[in-house]
Every structure is written in structure tokens, then in C-alpha cells.
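Dear colleague,

I am handing over the structure below, and I would be glad if you kept it open while you read the notes that follow it.

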Amino acid sequence: MNLNEKIRKATTHISQNEGLIFEKSSPGKKAYKLPPLDVPEVDAAQLLGKQAREDLGQMPEVSEIEIIRHYTRISTWNYAVDHGMYPLGSCTMKYNPRVNEAVARLTGLAEAHPYQPERISQGALRILKMLSEQLIEITGMDAITLQPAAGAHGELTGILLVRAYLESQGNPRKKVLIPDSAHGTNPATAAICGYAVENLKSNAAGMVDIASLVAQVNEDVAALMLTNPNTLGVFEQEIHKIAEVLHAKGALLYMDGANMNALVGKVRPGDFGADVMHLNLHKTFSTPHGGGGPGSGPVACKKILEPFLPTPVVVTKPDGTLGFDYNRPQSIGRVRMFYGNFGMHVRALAYIMANGPDGLRQTTEDAVLNSNYIRKKLEGVYDLPYKTPTMHEVVFSDRLQAPKGIKTGDIAKRLIDYGFHPYTVSFPLVVHGALMIEPTESESKESLDLFIEAMKDIAEEVEEHPEIVLEAPHNTRISRLDETMAARKPILRWKPQSEATGK
Ligand SMILES: *Cc1c(COP(=O)(O)O)cnc(C)c1O
């Protein structure tokens, strides 16, 4: 056996060990120990009647250490921002400061019950009110709802507000305009709210083309949904003008606020003409993100939309205490049970207060600086399709690597071997073969340099040994998946062997 074979043998051993952990069950093993029974034993059927399960299914039987190792091990199989840089553009995968977690775990907050009376919920209500006020100040809007559970859910809520407002004016209108650089959730939202989606072309600078906008806005247009800075990372410099064109025809400006990490403390959407917008607390305001966990997508709006906000709304009652107001006849109703993801509200408020106005402004500046540092260092190594200055994220393309048969997805897979989470692949769609990179303010110069070095090394590999890149990742537990099979026949959970094999 040569050295390479020996190394490979050990690696195989690890993966077998880890693979087999799913089948460690053997009859009679237990991960618990109970004291001897000191009450009369009763039959489950006697106690539960029909609800007693006859067949307990094939639950794995494992010892305590086996189950601990199982979960501890799989917790290391995922990449996380606590692991390293996570430059997933458009998603703002920033560090979640631990002070947020400490605050969210305070017993009075963590164990507050949504049905507990207002009288003993004054602290929780105050948090909702304070966060609302802070976000209104940051966005320059007049009112807000904290109910939506994610960005896309915020979009739905925001466009429902637009629809309710226009309906109250006598005509909900027919169309929503959406630039070709938009996030896929924007057209989906408009369609779900019953609007036809009309595509709006960008100009050569990657911004909304004002002439096309003027030509397309008429009395059938309910709103324009615009991300600013847009998904190219470009600030829409004519945003004032865009708002004017829309307002002149009675249409509204919806701002997708997912990219607020480039604006907080610098400019306010309310001041540049947006009528309604969502925020992603799990992006800009550092609450945890992804993994199916709870998000939060508050929607802030101007006065004209306020009467339509979801109920209940936190108000100060005549006796000076806080309470919920359900009596809002024009409200679109609830969009989520209770008051939204309260734990996320607590974390976002902790983040805002820990930073303060100066800290938030600094965060924005650092996020933009980090992204521009990467842009400068990788310009020329990777193609930069739009030369317009960018904010908190930068979009390259694979045009220089394509002649070697290497696409953005291959480079992203190779980046995994270097210990980084991939950037966003093939988005925005206006850039063919896009590499969308957003480092966030969380990264130090050292980690940015490591990332840049990795990206340069990969570009060299593309020239010298493209097969390394094409077959990546090499250092992971499993290498390339059959992406079609993974999408069509995903294996999402463990099944007992007999069930999995159909025997
Ligand atoms: C993330 C994102 C959304 C959707 O937000 P979710 O919280 O994932 O639903 C919408 N628009 C843009 C530009 C985004 O980056």
C-alpha cells in the first residue's frame, strides 16, 4: 500500500464510521435509565384507549453516547457562519452576536406565553414597541408591522397593503412592474396577490432604465417592486425620479429591503420615496438565518398604508399601559399567528441597541468597504460585467473561465475545498454565469485575504488543471451530487433499513 492509498483508507474508514452511525441500533439498547416503578403497572391501551399505539414502529435503539455522538457529529457536517466566511450574496450571512442570544434567553422573554394577559406582558409589549420605533427611524417610514415571518412573507404583506389601499381608492389595478435583476420572490409575490408581472429592463449601468419606466407606467400599474441597492449591488441613483414617475400615475413604490445592510444609518428609503418595504431581520439585523429556523420580515410603510396593517397593533392605552388594538376595520387581517417571531424581535432589538446609531453606521461602512476590497482584488482575475460602483456585494461572471469549460457552479464547489461557503451561484439572472459575493462587515482583513487568495488559486487551477475544479469538491464527505436526482428524489430523512429497502 503506498502512502496515498493509506491516506485514502483512513478517510474511507471515517466515512464508513459516520455513515454507519445511522444504523447503530441493536435491540435492548437504551439512552435512559428510569428508577424502579413504584406505582401499579397499567396497560397503555387501558390508559389511552384507542389512542394507544399498537405498533411502536422501528425506533432506533441506541445508547446515550451513541446518540450524543450521532447528533454532535452531524452538527459538524453543516457549514455555518460560526465556522467561517459565508459570502452568500443577497443573503447577508453576518455573524449573530452572542449578546442577542443571552437577551433572548432571559426567562421572562423566552418563556412568555402568547396568551398571557397584557397586564403581565408589559415588558414584551415594550420590546415590540421599541423595535417598531427603531425600525421606523432607520427606514424613514411612518408605521410598521412585525408580524411577517420572513422576507418573502413581508413582500406578500406589503403588496396586500398596496392592493387594499388601491381597492379603497376604487381600483386595485392590474400590474406590478419588476426589474429583470429582481429576486425570484418578487414576481412570485405579485402573482400570488393577483397581479400580472411586467418585466422592466435595466440599462447598461445595471439600473432601472427611466425611459422604459416612463413608457411602462400607466393607470394599470399598482406598484414597482425594487430592490435598492439592487441585486447587482448597485445603488439606484435615480430612485427619487423613479418614485416621482410612479406617484404621478398613482402607483406605489415597494422596496425590497433585503439589501438594507448597505444603507442603514446612511440613507432612509422613506426619504427617497419608497411607500412600503420589508426588512429581513435575519439578514440586516443579525438574527439567525436559514436551516428552516424562524426568520422575521417586518413591513414598514407610509401613512397612507397604515390603516391596512395587520392586526393586532401595539398601542398605548388611556391608562398609559401597552396593549393590543384589534379594532382596525380596514386591516388586511392577520398574516401570522400571534405577533410574529418574537424571539427574533428580541434579538434584533438587542443588536440595534448594542450597536447604537454610530455602530450601525460603521457596520454599513464596513460591509461596503469589505465588498469593494474583494472587488478590487479580484477584478481582472474574474470578469466584472458591470463597471458601476457597487455597495455591499459584488457580482462577477465566469466569462474568463468559460473557455476552459468551467462554470460558476464549478468554482463554487472548489471554494468548498478551501474551507469557504460558496458565494451565490448564477444569480442575478441578468449576469450570465454570475458569482455574487457578499462578505458582510463580520470579516476581518485576514479572512478577506484568505478568501481572495483562494479565489485566485482557483482561477489558476482553471488554467492549469481544470479537472481539479470540474470534479470538486474533493475534501468533503461526499463529492458532487447528482443534482437532478437530489432534486427529483431527495432523501430527506433517515428510515429504518427495512423501510428504505422495501423489505
Ligand atoms: C433574501 C431575499 C428575499 C427573501 O427573503 P426571505 O427571508 O428569504 O424570504 C427577497 N429579496 C431579496 C433581494 C433577498 O435577498
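Helix α11, which covers residues 342-378, packs with α13 at an angle of about 30 degrees, and the axes of the two helices are 10 Å apart. Angles under 35 degrees count as roughly parallel, and therefore α11 is described as roughly parallel to α13. The crossing of these two helices, α11 and α13, is right-handed. Please keep in mind throughout that this is a predicted model.

Which residues bring α11 and α13 together? From α11 come Asn370, Tyr373, Ile374, Lys377 and Leu378, and they meet Lys445, Leu448, Asp449, Phe451, Ile452, Met455 and Lys456 in α13. When the residues of this contact of α11 with α13 are sorted by character, they divide into 7 nonpolar, 1 polar and 4 charged.

Helix α13 (residues 445-464) also packs with helix α12 (residues 408-417), here at an angle of about 125 degrees and with the axes 10 Å apart. That angle makes α12 oblique to α13, and α12 passes α13 in a right-handed crossing. On the α12 side the residues are Ile411, Arg414 and Leu415, which meet Phe451, Ala454, Met455, Ile458 and Glu461 in α13. The residues of the contact of α12 with α13 divide into 6 nonpolar, no polar and 2 charged. If you compare the two lists, you will find Phe451 and Met455 of α13 in the contact with α11 and again in the contact with α12.

On the scale of the whole protein, the chain is divided into domain 1 (3-75), domain 2 (98-354) and domain 3 (362-488). The C-alpha centres of domain 1 and domain 2 lie 45 Å apart.

A single residue may also be worth your time, namely Leu309, which is placed in the loop between β7 (299-301) and β8 (313-316). Is Leu309 buried or exposed? Its relative accessibility is 2%, and because buried means under 20%, Leu309 counts as buried. Leaving aside its neighbours within four places in sequence, Leu309 is in contact with Ala143, Ile144, Thr145, Leu161, Val299, Cys301, Ser331 and Ile332. For one of these partners, Ile332, the separation from Leu309 is 23 residues in sequence, while the C-alpha atoms of the two are 6.3 Å apart in space.

With kind regards

Definitions and conventions
Residues numbered from 1 in each chain as written. Predicted model: local features only at pLDDT ≥ 70, side-chain atom pairs only at ≥ 80, totals over all residues. Heavy atoms only, no water. Helix = DSSP H or I, 4+ residues; strand = E, 2+ residues; numbered from the N terminus. Buried < 20%, exposed > 50% of the residue type's maximum accessible area, 1.4 Å probe, protein only. Contact = heavy atoms within 4.5 Å. Domains from an automatic or database assignment. Axes fitted to C-alpha atoms, helices over the stretch in contact; angles between N-to-C directions. Parallel < 35°, antiparallel > 145°, perpendicular 65-115°, else oblique. Left-handed = near helix turned anticlockwise from the far one by under 90°. Nonpolar A, V, L, I, M, F, W, Y, C, P; charged D, E, K, R; others polar.
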